[in-house]
Amino acid sequence: MMMTTSTQSQLDAGLVNAVMESVTSVFNNMLQVEPKLANVSAAINFTPSGDVSAIIGIMGQGGEGMMAISLDRKLANKLVARLLGVRESMVLNEDRNDGMGEIANMVCGKLKVYFSEKAEKAYKLSLPTVISGAGHEVSGLPRGIPYILLTIGVEEEQFHIQLCFRGQ
Amino acid sequence: MVTSPLSPKEPSPEDIASLHLQEGSSSGTARHSHTGNGPMILVVDDSRVMRRLIRTAVETLGFKAIEAEHGGQALELLHIPTIAQDIEAIIIDHNMPVKTGIETIELIKQLPAMALVPIMMVTSETERDIMAKGFALGIQDYLLKPFAYEELLTKITEILTSHAH
């Protein structure tokens with residue numbers, strides 16, 4: 001999937017395409033849904049949206065950064081139910097948080113390859129952290145560096161991926 | 001194609017018959033004769049949803065699954081003789097707290113009862129050195145996340161079949 005928004009010239013198109021390839025691979029294979037890139041924009045700081053944020057750090061010799069998937073609880077339940085092959089009503093709170101962490105881990109796993117190949121340096125991922133609750137806040141994340149914000153549609157709903165990376 | 005993890009392409013009757021026949025193989029008989037547990041597959045993953053997904057696949061193939069949340073817990077289970085003797089295969093993640101998959105496999109392979117038990121890594125790690133370390137330690141196969149559910153079924157079938165031969 002190619003990046004086609006008006007922000008293309010301002011953002012790293014290669015990175016956006018890598019994110020979408022990664023999301024598409026995970027969602028197609030493990031959730032059996034087709035994600036669609038709806039919008040790309042830039043931000044200065046991480047801003048959680050929705051009820052659930054799954055966050056993973058990327059670190060290595062070439063720099064460090066983070067990726068977060070933020071979405072509403074209803075969509076998170078739907079995605080985790082798809083992952084498990086069960087009805088949404090069977091998804092417990094701990095399933096939802098764990099499942100979103102696993103989805104973020106898989107998306108970031110493929111992104112790590114992108115960073116490694118681009119910089120020819122090895123990167124590692126942190127274990128995923130999932131924070132939930134309406135109006136939740138996340139502290140301790142990089143501030144004052146550009147974030148890429150992707151809005152991605154899945155069926156009739158949307159979620160966000162926010163990504164930042166600071167090279168050394 | 002849209003498929004549900006709980007309505008996967010079923011393994012053929014021959015596949016399942018082949019796997020169940022393996023329970024009576026020479027090594028299998030020796031390791032199953034002391035308990036009523038029957039053949040089990042040890043699933044080691046810090047993610048409860050991944051353990052649940054893999055358990056579903058294992059049970060679809062007619063086996064029982066026993067779960068560990070991390071390598072330390074897996075090693076505790078494998079030190080219990082009545083459990084260790086029924087383990088037919090181990091499916092293990094790499095990126096876990098306490099001990100990584102590779103660190104755990106290294107310790108598992110030091111257990112005499114586990115020397116011939118096939119191990120498959122299921123991980124999103126794609127670095128070649130991780131896989132190379134795994135194969136150097138004697139893993140049978142690996143499965144990279146994300147995977148299709150049918151691929152998981154096929155891989156489990158393959159490691160059990162190769163073990164029987």
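**Exercise 1. One helix of chain B, inside and outside**

In this predicted model, helix α7(B) is followed by Gly138(B), whose phi is positive, near 105°. Task: establish which residues of helix α7 of chain B are buried, which are exposed on the other side, and what covers the buried ones.

Solution. Step one is to collect the buried residues of α7(B), which spans residues 128–137, and these are Ile130(B), Met131(B) and Gly134(B). Step two is to look down the axis of α7(B), where the buried residues fall within an arc of 95° and therefore line one face of the helix. Step three turns to the other side of α7(B), where Arg128(B) and Ala136(B) are exposed. Step four asks for the cover over the buried residues of α7(B), which includes α6 (101–108), β4 (119–123) and β5 (141–144) of chain B.

**Exercise 2. The wider setting in chain B**

Task: describe chain B by its helices and strands, by their order, and by how many of its residues count as buried; then place Glu88(B) within the chain.

Solution. Step one is the inventory, which gives eight helices and five strands in chain B. Step two is their order, and read along the sequence this is α-α-β-α-β-α-α-β-α-β-α-β-α. Step three is burial, for which 53% of the 165 residues of chain B qualify. Step four considers contacts in chain B with a separation of 6 or more, of which residues 24 or more positions apart account for 68%. Step five takes Glu88(B), which lies in strand β3 (residues 87–92) of chain B and, because its relative accessibility is 4%, counts as buried. Glu88(B) and Val43(B) stand 45 residues apart in sequence, while their C-alpha atoms are 11 Å apart in space.

**Exercise 3. The interface of chain A and chain B**

Task: work out how many residues each chain gives to the contact, how much area is buried between the two chains, and how helix α2 of chain A meets helix α3 of chain B.

Solution. Step one counts the participants, with 29 residues coming from chain A and 23 residues from chain B. Step two gives the area buried between the chains as about 2,200 Å², with carbon and sulfur atoms giving 54% of it. Of the area that chain A buries against chain B, Gln32(A), Leu84(A) and Leu127(A) supply 24%, more than any other three residues.

Step three concerns the helix pair. Two packed helices are described by the angle between their axes and by the distance between those axes. For α2 (residues 73–84) of chain A and α3 (residues 48–60) of chain B, the axes come within 9 Å and cross at roughly 35°. The residues that make this contact are Val80(A), Leu83(A) and Leu84(A) on α2(A), together with Val49(B), Arg52(B) and Leu53(B) on α3(B). Sorted by character, the residues of the contact comprise five nonpolar, no polar and one charged.

**Exercise 4. Salt bridges across and within chains**

Task: find how many salt bridges the whole structure holds and how many of them cross the interface of chain A and chain B, and then examine particular pairs, including Arg48(B) with Asp95(A).

Solution. Step one is the total, which is 13 salt bridges over all chains, and step two is the interface of chain A and chain B, across which the rule finds three.

Step three examines Arg48(B) and Asp95(A), whose side chains meet at 2.7 Å, N to O. This pair crosses between chains, from helix α3 of chain B to helix α3 of chain A. Arg48(B) is partly exposed because its relative accessible area is 31%, whereas Asp95(A), at 1% relative accessibility, counts as buried.

Step four moves to Lys78(A) and Glu157(A), whose closest N and O atoms are 2.8 Å apart. Lys78(A) lies in helix α2 of chain A and Glu157(A) in strand β7 (residues 157–167) of chain A, so that the pair, 79 residues apart, links distant parts of the chain. Both Lys78(A) and Glu157(A) are buried.

Step five treats Asp141(B) and Lys155(B), which form a salt bridge at 3.2 Å, N to O. Since Asp141(B) is in strand β5 and Lys155(B) in helix α8 (residues 149–164) of chain B, the pair ties together parts that are 14 residues apart in sequence. Asp141(B), at 15% relative accessibility, counts as buried, and Lys155(B), at 18%, counts as buried too.

Terms used:
Residues numbered from 1 in each chain as written. Chains lettered and ligands numbered in written order. Predicted model: local features only at pLDDT ≥ 70, side-chain atom pairs only at ≥ 80, totals over all residues. Heavy atoms only, no water. Buried < 20%, exposed > 50% of the residue type's maximum accessible area, 1.4 Å probe, protein only. Helix = DSSP H or I, 4+ residues; strand = E, 2+ residues; numbered from the N terminus. Arc of directions from axis to C-beta. Contact = heavy atoms within 4.5 Å. Axes fitted to C-alpha atoms, helices over the stretch in contact; angles between N-to-C directions. Nonpolar A, V, L, I, M, F, W, Y, C, P; charged D, E, K, R; others polar. Buried area = accessible area lost by both parts, 1.4 Å probe. Salt bridge = Lys/Arg side-chain N within 4 Å of Asp/Glu carboxyl O.
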